[in-house]
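Trainee: I've got a new model open and I'd like to talk it through with you. Can we take it one question at a time?

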Amino acid sequence: MGQKFQSFFSFSFAVLLIISCLHDRNNAEAEELRNLVSDGCDLYEGSWIYDHSYPLYRSAACSFIEKEFDCRKNGRPDDVYLKYRWKPRGCALPRFNGLDFLRRLKGKKILFVGDSLSLNQWQSLTCMLHVSVPKTNFTLNRKGGLSTFTFQEHGVSLMYSRNAFLVDLVQEKIGTVLKLDSIGNGHEWKGYDMLIFNTWHWWLHKGHKQPWDYVEEGGMIRKDMNRLVAFSKALTTWTKWVESNVDPKVTKVFFQGISPTHYAGEDWNESNSTTCSGETQPLSGSRYPGGSPAARDVLKHVLRKVSGAVTLLDVTTLSQMRKDGHPSIYGFEGKRGNDCSHWCLPGVPDTWNQLLYAILVRQGGSRN
């Protein structure tokens, strides 16, 4: 009898100890999150610091990552670029908790809409979540221009819809027309719990890479126009769509921000012929020598008109500091190309998603 009581007492003590540890851990995590949501903390002001515990995942754990983003698999020999963590100046950014993310968004549908940089971020998030719950079943389906990644146990679906301009790109008798004041496919964006938009990458393309023949606005068709002006008009059309079609009490809307390129070394005090190729470390400090790109200023100006309706993931400056984070010759085209636009995975887009998670926590995202 005494031995049984002792065994029961030992078992009960062990259970209470585990519960106490979990309680302490939850309290620590809650305190960390309280530090995050404190007033006056700018998540985008900070610097990159070396962290030996990074990266958050290995690309080999996510067989679905596109070849163009899997730099290590494509032969990139260095790995120091994987070891940097974003540190905001005024607060602690909690480590990404994929299980918590899925619990907060249980039963929800998230749609990324944009160009291949949206694909970059979408693939990053699907992998970050997958490695957080590796034993959870998932499905990945591609139909037309829509890719859907679903975590069945949690009822969470992450979609990606390719749309380089957000406004309409239409084939007409005269050729391909970019319609700056028209969004005909906006019905495809309805019915989601979270929308994450992006556009800019294709607005500067000219010559054979330019995907339109004419630009139309206000019934007037032109051969071309100032690209920043066109970008501003298209964003204004998009914000009007958001105001008319999105209930902010039901659907959260984010804009990814302007992702920078690193093709001109003079922007970071190197020779102009220097590119991202061969770069292995980020810039130090918190200010980019080349300053803020004009597109970011345009974007912020337009978004001020819909204050509160759209949350900007202002990733430009922190990404500018990562001249080392691009695929360069370890992208889709290999040594025939030099990709200083997209980002390696693991890499910079993981931080974008960490910031997305932090904002959800700050905004008090639902949690089951």
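Trainee: What share of the 368 residues in the protein is buried?
Mentor: Let's fix the term: buried means under 20% relative accessible area, exposed over 50%, and partly exposed in between, with a 1.4 Å probe and protein chains only. Keep in mind that this is a predicted model, where local features need pLDDT of at least 70, side-chain atom pairs count only at pLDDT 80 or more, and totals for chains, interfaces and linings use all residues. Residues are numbered from 1 along each chain as its sequence is written, and side-chain values use heavy atoms, with hydrogens and water left out. Of the 368 residues, the buried share is 51%.

Trainee: How many helices and strands does the secondary structure come to?
Mentor: Here helices (H or I, at least four residues) and strands (E, at least two) are DSSP runs, numbered from the N terminus. Going by that, the protein has seven helices and 13 strands.

Trainee: Which are the edge strands of the open sheet of seven strands?
Mentor: Two strands pair if DSSP finds at least two bridges between them. The sheet has the order S4-S5-S6-S3-S9-S12-S13, with mixed pairing. An edge strand pairs on one side only, and here those are S4 (138-143) and S13 (311-312).

Trainee: Which residue in S6 is the bridge partner of leucine 146?
Mentor: Look at S5 (residues 146-151), which runs antiparallel to S6 and is joined to it by six bridges. Leucine 146 has its partner in S6, and that is serine 161.

Trainee: Which strands does helix H3 touch as it packs on the sheet?
Mentor: Contact means heavy atoms within 4.5 Å. Axes are lines fitted to C-alpha atoms, for helices over the stretch in contact, and angles run from 0 to 180 degrees between N-to-C directions. The direction of H3 (residues 116-132) makes about 160° with that of S6. The strands touched are S3 (109-114), S4, S5, S6 and S9 (194-197).

Trainee: What angle does H7 make with S12?
Mentor: H7 packs on the sheet too, touching S9, S12 and S13. Its direction and that of S12 make an angle of about 145°.

Trainee: How are H4 and H5 oriented to each other?
Mentor: H4 (residues 227-245) packs against H5 at about 30°, with the axes 10 Å apart. Residues meeting there include Phe231 and Trp238 in H4, and Val298 and Leu299 in H5. Angles under 35 degrees count as roughly parallel, over 145 as roughly antiparallel, 65 to 115 as roughly perpendicular and the rest as oblique. So H4 and H5 are roughly parallel.

Trainee: Leucine 166 has a positive phi; is leucine 166 buried or exposed?
Mentor: Its phi is about 70° although it isn't a glycine, and it lies in the loop between S6 (156-162) and S7 (168-172). With a relative accessibility of 1%, leucine 166 counts as buried.

Trainee: And asparagine 269, buried or exposed?
Mentor: Asparagine 269 also isn't a glycine, yet has a positive phi of about 65°. You'll find it in the loop between S12 (252-255) and H5 (294-303). Its relative accessibility is 62%, so asparagine 269 counts as exposed.

Trainee: Which residue is joined to proline 346 by a cis peptide bond?
Mentor: Most peptide bonds are trans. Proline 346 sits in the loop between H6 (316-320) and H7 (348-362). Omega is about -5° for its cis bond, and the residue joined to it is leucine 345.
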